[in-house]
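User: Please justify the labels attached to this model. For each term, I would like the value set against the criterion behind it.

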Amino acid sequence: MKKVEVIIKPFKLDDLKDAVHSIGVQGMTVTEVKGFGRQKGHKEIYRGAEYVVDFLPKIKVEMIVQSSIVDQLIEKIISATRTGTIGDGKIFVMPVEAAVRIRTGEKDNDAL
């Protein structure tokens with residue numbers, strides 16, 4: 001099993017959700033986060049005063065999937081979320097040692 005973390009622009013969430021459902025991913029956890037990478041934030045003017053917004057709003061999506069579909073999942077994520085502009089996001093893949101469904105006690109792939 002693998003944990004796939006994706007950081008994307010907020011308006012791409014619905015596209016991502018539809019894309020991963022099309023290959024059988026049944027669940028995900030979504031968190032509103034703030035951060036910056038190469039974008040390095042931007043300047044805004046509020047009531048005549050200029051200030052720097054260092055942390056931009058992003059969405060972090062976490063999914064635990066079977067190892068066999070990770071490559072296919074990554075391709076779906078890229079095709080659904082790429083805009084071609086800076087700040088499109090990142091994908092991180094990590095190993096998962098165990099998963100347990102609390103309600104039934106099912107383990108590993110059965111718990112997904």
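Analyst: The discussion below takes salt bridges, burial, one helix and the pockets in turn. This is a predicted model, in which local features need pLDDT of at least 70 and side-chain atom pairs count only at pLDDT 80 or more, while totals for chains, interfaces and linings use all residues. Residues are numbered from 1 along each chain as its sequence is written, and side-chain values use heavy atoms, with hydrogens and water left out.

User: Why is the contact between Lys-3 and Glu-62 called a salt bridge?

Analyst: A salt bridge requires a side-chain nitrogen of Lys or Arg within 4 Å of a carboxyl oxygen of Asp or Glu. For Lys-3 and Glu-62 the N to O distance is 2.9 Å, so the pair satisfies the criterion. The two residues belong to distant parts of the chain: Lys-3 is in strand 1 (residues 2-8) and Glu-62 in strand 5, 59 residues apart. Strands here are DSSP runs of E with at least two residues, helices are runs of H or I with at least four, and both are numbered from the N terminus.

User: What makes Lys-3 partly exposed, and what makes Glu-62 buried?

Analyst: Buried means under 20% relative accessible area, exposed means over 50%, and partly exposed lies in between (1.4 Å probe, protein chains only). Lys-3 has 23% relative accessibility and therefore counts as partly exposed. Glu-62, at 18%, counts as buried.

User: How do you know that Lys-9 and Asp-88 form a salt bridge, and which parts of the chain does the pair tie together?

Analyst: Their side chains meet at 3.7 Å, N to O, so the distance criterion is met. Lys-9 lies in the loop between strand 1 and helix 1 (13-21), and Asp-88 in the loop between helix 2 (70-81) and strand 6, so the pair ties together parts that are 79 residues apart in sequence. Lys-9 is buried at 13% relative accessibility, and Asp-88 is buried at 18%.

User: Why does the pair Asp-15 and Lys-12 qualify, and how many salt bridges are there by this rule?

Analyst: The closest N and O atoms of Asp-15 and Lys-12 are 3.4 Å apart, so this pair also qualifies. Asp-15 is partly exposed, with a relative accessible area of 36%, whereas Lys-12 is buried, with 13%. Salt bridges that share partners join Lys-3, Glu-5 and Glu-62 into one network. The count comes to five salt bridges.

User: How do you know that the span of helix 2 agrees with expectation?

Analyst: The expected span is 1.5 Å times one less than the number of residues in the helix. Helix 2 has twelve residues and reaches 16 Å from its first C-alpha to its last, close to the 16 Å expected.

User: What makes the buried residues of helix 2 line one face?

Analyst: The buried residues are Val-70, Leu-73, Ile-77, Ala-80 and Thr-81. Seen down the helix axis, they fall within an arc of 95°, so they line one face of the helix. The arc is that of the directions from the helix axis to the C-beta atoms. An α-helix has 3.6 residues a turn, so residues three or four places apart point the same way. On the other side of helix 2, Asp-71, Glu-75 and Ser-79 are exposed.

User: Why is Ile-78 called partly exposed?

Analyst: Ile-78, found in helix 2, has 28% relative accessibility and therefore counts as partly exposed. Its C-alpha atom is separated by 9.2 Å from that of Asp-88, ten residues apart along the chain.

User: What makes a region a pocket, and which residues lie nearest the centre of the largest one?

Analyst: On a 1 Å grid over the protein atoms alone, a pocket is an open set of points where a 1.4 Å probe fits, with protein on both sides within 12 Å along at least five of seven lines; lining residues have an atom within 4 Å of a point. The largest pocket has a volume of about 390 Å³. Of its 17 lining residues, Gln-26, Gly-27, Ile-64, Val-65 and Leu-112 lie nearest the centre. Strand 5 (residues 56-65) contributes the largest share of this lining, four residues. A volume here is the space filled by probe spheres set on the points, with grid points joined across faces, edges and corners.
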